[in-house]
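These are my notebook entries on a single protein model. I set down what I looked up, one topic at a time.

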Amino acid sequence: MSTQHTKTFDPAEMIRLYAGISRKSRELLRHSLQRKAHGAGTPRAFSDEFGVQRAFRDAWLLMASNPMRLAQTQMQVWRDYAALWKNSLFDISGVKLTPVAEAPRGDRRFRHEDWQNRFVFDYLKQSYLIAARHIYQAMSGVKGIDETQAKKVDFYTRQFIDALSPSNFALTNPEVLKETFRSGGKNLLKGFNNLLDDLARGEGEKLRVKMVDDSAFRLGENIATTPGKVVFQNDLIQLIQYAPLTKTVYQRPLLIIPPWINKYYIFDMREDNSFVRWATAQGHTVFIVSWINPDERHAGKTFEAYINEGTLAAIDAALQAVGAKDLNLFAFCLGGTLAAATLGYLAAANSKQVASATFVATLIDFNQAGELQVFIDEQQVAALEKRMNRRGYLEGSEMATTFNMLRANDLIWSFVVNNYLLGRDPMPFDLLYWNADSTRMPAAMHSFYLRNMYLKNLLREPEGLVFNGKPIDLSKVKTPVYSVSTVEDHIAPWKTVYSGATVFTSPLRFVLGGSGHIAGTVNPPAAGKYGYWTNEASDAASNITADEWFASATQHTGSWWSDWQQWVHRYGGGKVPARVPGKGKLKVLEDAPGSYVRVRLPGTVAG
């Protein structure tokens, strides 16, 4: 036994881990028996409510009808494996040849040096990558399959391939094997304890993989710390007004509408990446909406209610608080979709309360709405509505799982390896803390959103939707628009965001940021990351395609935040003395971050 091994082997620690496993296993078994005794947790008969089984059946039938293509695929597989075997013989002889298969750039599954330097693990890696490539090409290249079915086959094939990676198994992961030998197996015992903890968090019914050390964060203490006050609230929102950081401010306040699927503090994480703090330092009087985490009491809240009690109520309250006639609107993701619908209503009502509107990673045209479309068709929406109607809402964990599946290697399997195989605790990471702080969605509102946006794509259609008795037409919106997307966004693909932005006929500036949906949005100028593209020659972006826009666009270093500030400056309305929350017509209800944001879902730790 090595000295290192002897030093790390602690009998008392091993006994504690075994005792923990025994205790937690008994508790889970007892809880499961109690649920069954009360008729809960009974397995349902298998039903293909997501249509996955049907999609793969159709794909297999079409593949079988083309035996020549199957034979060609098999021959190519054999050629690649023959090349791998040849390379392996040379490798054994000390001659390193060009790999037959290499992991994509940025694939962190195979970053441990033994995947490249140890023959056995290099062979395992390349063998898996060859199989993965050919399975995916065979399943994604089926001719004649319905487009909706093809997307399901493509998506779930990738889920299957990702799950079978050798990095996900203890005996084929060199890092896990090394840690097991080093610790005398303590990592696996600790990992099993972590697994039992996550099963307990899911009440024994679901595995809720812990992604972050949430004990490291406290709302209002080391996250969501920008000083402010709640100055308004109703059944759906609290409105926070932030304390000024400059002696003078723009006359027009800035109102931020975040999505209601997660908490608002994506815009107020740490001091160095807080958009709220940065915008306040630029001289804006910043307001932000903090959405309620709904429950069965909110089941009947409609999309129209989210307009009336959400965006419209927030606009009225912000203007009342500072005594202004109009403001600048800033909205992100689903919040942007709601804000676009609100602009359509305000245009129909001849209201001029919004002087400018900024949309960040916002879908208005849902024609090519990214990978989320895999989960949204008539069959799946109908099944989802049945579940929502039983509870009155969509459980936040269901949406969280859906989003995590879009990046399974990063947001699922990496944590399985870290937590269960390596026996490590998750790291404290603010973005992952926010990502895990999901919210429910009222049944009526979410059903309307899925059917009228994703399935029917009515928001972009003139008079396709009616709110408060007024048909809306976004082409009649006269408000200047700033639309920004990110080049790697898998939730709101940038070309689709671009298409939606061109629905507006008002002055439009389109900007393309670097990175993805979250990292590209939370990108402070001081970080110097990612860069962004603009096209000054085609600023209106209405007469050319997204590809044409990009072909003649100019890339810049830094963050799109700076570009946005230069744009919104012209709509600031001049400068006035700084406003202090509670000193206007709306009085202080409580300190930021407020109480609505602190309501977390079962199985999570209060912030």
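**Entry 1: the chain end and proline 593**

I began with proline 593, which sits in the segment after β17 (590–591). I checked the peptide bond leading into it from alanine 592 and found it cis, with omega near 15°. I note here that the model is predicted, so local features need pLDDT of at least 70.

**Entry 2: overall dimensions**

I counted the secondary structure next: the protein has 20 helices and 17 strands. Along the principal axes, the C-alpha atoms fill a box of roughly 75 × 60 × 50 Å. I then asked what radius of gyration a compact globule of 607 residues would have. The expected value is near 25 Å, and the protein has 27 Å, which agrees.

I looked up burial for the whole chain and found that 53% of the 607 residues are buried. For contacts with a separation of 6 or more, 81% join residues 24 or more positions apart. The exposed surface comes to about 27500 Å², of which carbon and sulfur atoms supply 55%. I also compared the charges: the mean positions of the 69 positive and 59 negative charges lie 2 Å apart.

**Entry 3: the nonpolar cores**

Which residues of the largest nonpolar core touch the most other members? This core holds 137 residues, and the answer is Leu255, Tyr265, Phe275, Phe303, Trp560 and Trp564. Helix α11 (residues 303–322) gives the most to this core, namely 11 residues. I recorded a second, separate core of 11 residues, with Tyr81, Leu84, Phe121 and Ile130 among them.

I followed phenylalanine 303 further. Apart from neighbours within four places in sequence, phenylalanine 303 is in contact with Trp260, Leu338, Ala341, Met445, Phe448, Tyr449, Met453 and Phe467.

**Entry 4: two positive phi angles outside glycine**

I searched for residues that have a positive phi although they are not glycine. Alanine 224 is one such case, with phi of about 55°. Alanine 224 is placed in the loop between α9 (186–201) and β1 (228–233). Its relative accessibility is 3%, and alanine 224 therefore counts as buried.

Serine 515 also has a positive phi, of about 65°, without being a glycine. I located serine 515 in the loop between β13 (508–513) and β14 (532–534). Is serine 515 buried or exposed? At 14% relative accessibility, serine 515 counts as buried, because the cut-off for that class is under 20%.

**Entry 5: polar residues that are buried**

I turned to lysine 125, which is placed in helix α6 (residues 119–140). Lysine 125 has a relative accessible area of 8% and so is buried. Beyond four places in sequence, lysine 125 is in contact with Phe110, Trp115 and Gln116.

Asparagine 404 lies in helix α14 (residues 396–405). With 11% relative accessibility, asparagine 404 counts as buried. Once neighbours within four places are set aside, the contacts of asparagine 404 are Met211, Leu411, Ile412 and Asn435. For the pair of asparagine 404 and asparagine 435, I noted a sequence separation of 31 residues and a C-alpha to C-alpha distance of 9.4 Å.

Asparagine 234 belongs to the loop between β1 and β2 (237–242). Asparagine 234 counts as buried at 18% relative accessibility. What does asparagine 234 touch, not counting residues up to four places away in sequence? I found Glu309, Ala313 and Tyr596. Asparagine 234 and glutamate 309 are 75 residues apart in sequence, with their C-alpha atoms 7.2 Å apart in space.

**Entry 6: glutamine 368**

My last entry concerns glutamine 368, found in the loop between β7 (354–360) and α13 (378–391). Its relative accessible area is 41%, and glutamine 368 is therefore partly exposed. Residues up to four places away being left out, glutamine 368 touches Glu147, Lys151, Gln373, Pro493 and Thr496. I also looked up glutamine 368 against glycine 191: the two are 177 residues apart along the chain, and their C-alpha atoms are separated by 41 Å.

Methods: Residues numbered from 1 in each chain as written. Predicted model: local features only at pLDDT ≥ 70, side-chain atom pairs only at ≥ 80, totals over all residues. Heavy atoms only, no water. Core = buried A, V, L, I, M, F, W, Y, C linked by side-chain atoms within 4.5 Å. Buried < 20%, exposed > 50% of the residue type's maximum accessible area, 1.4 Å probe, protein only. Helix = DSSP H or I, 4+ residues; strand = E, 2+ residues; numbered from the N terminus. Contact = heavy atoms within 4.5 Å. Rg over C-alpha atoms; globule rule 2.2 N^0.38 Å. Areas by Shrake-Rupley, 256 points an atom, 1.4 Å probe, with all protein chains shown as cover. Lys, Arg positive; Asp, Glu negative; His and termini not counted. Charge placed at Lys NZ, Arg CZ, Asp CG, Glu CD.
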